[in-house]
Amino acid sequence: MKRFLRNRKYNNILNNIFQYIAIGNSLSESMKLTGCFPDFVIELIKIGENTGKLEQIF
């Protein structure tokens with residue numbers, strides 16, 4: 001995990017997601033706004049959010 005966070009690109013993506021969530025977006029919306037995740041992954045996250053099974057989706 002430390003290696004992942006040391007990578008500036010990934011760190012910027014995570015920071016953007018955190019910022020989008022902080023202003024009221026859902027995780028799936030935040031991931032979509034970054035433009036870095038495939039639609040399939042975003043839809044899976046959205047399903048998890050809507051069904052209360054996000055942990056199982058992950």
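How many salt bridges does the structure hold? The structure holds one salt bridge, and this tour will reach it after a view of the whole chain. Please keep in mind that the model is predicted.

**The whole chain**

Begin with the entire chain in a cartoon display. There are five helices and zero strands; from the N terminus on, the elements run α-α-α-α-α. The chain has 58 residues, and buried residues make up 16% of them. Next, switch on the surface. The chain exposes about 4800 Å², and carbon and sulfur atoms supply 55% of that area. One further value concerns contacts between residues with a separation of 6 or more: pairs 24 or more positions apart account for 8% of these.

**The salt bridge in helix H4**

Select helix H4, which covers residues 39-51. Within helix H4, show the side chains of Glu 43 and Lys 46, which meet in a salt bridge with an N to O distance of 3.5 Å. The two residues are three residues apart in this helix, about one turn. Are they buried, exposed or in between? A residue is partly exposed when its relative accessible area lies between 20% and 50%. Glu 43 has a relative accessibility of 38%, so it counts as partly exposed. Lys 46 has a value of 33% and therefore counts as partly exposed.

**The nonpolar patch**

Now select Phe 40, Leu 44, Ile 47 and Ile 57. These residues form a nonpolar patch on the surface, and together they have about 360 Å² of accessible area. Which element gives the largest share of the patch? Helix H4 does, with three residues. Leu 44 is a residue of helix H4; because its relative accessibility is 30%, Leu 44 counts as partly exposed.

**The nonpolar core**

Hide the surface and select Ile 13, Ile 17, Met 31, Ile 42 and Ile 45. These five residues make up the largest nonpolar core. Two elements give two or more residues to this core: helix H2 (8-22) and helix H4. Colour these two helices to see where they lie in the chain.

Finally, centre the view on Met 31, a member of this core. Which residues is Met 31 in contact with, leaving aside its neighbours within four places in sequence? Its contacts include three other residues that belong to the core, namely Ile 17, Ile 42 and Ile 45. Met 31 is also in contact with Cys 36, Phe 37 and Val 41. Show these side chains together to complete the tour.

Technical notes
Residues numbered from 1 in each chain as written. Predicted model: local features only at pLDDT ≥ 70, side-chain atom pairs only at ≥ 80, totals over all residues. Heavy atoms only, no water. Patch = residues over 30% accessible without salt bridge, like charges linked within 9 Å, V, L, I, M, F, W, Y side chains within 5 Å. Areas by Shrake-Rupley, 256 points an atom, 1.4 Å probe, with all protein chains shown as cover. Salt bridge = Lys/Arg side-chain N within 4 Å of Asp/Glu carboxyl O. Helix = DSSP H or I, 4+ residues; strand = E, 2+ residues; numbered from the N terminus. Buried < 20%, exposed > 50% of the residue type's maximum accessible area, 1.4 Å probe, protein only. Core = buried A, V, L, I, M, F, W, Y, C linked by side-chain atoms within 4.5 Å. Contact = heavy atoms within 4.5 Å.
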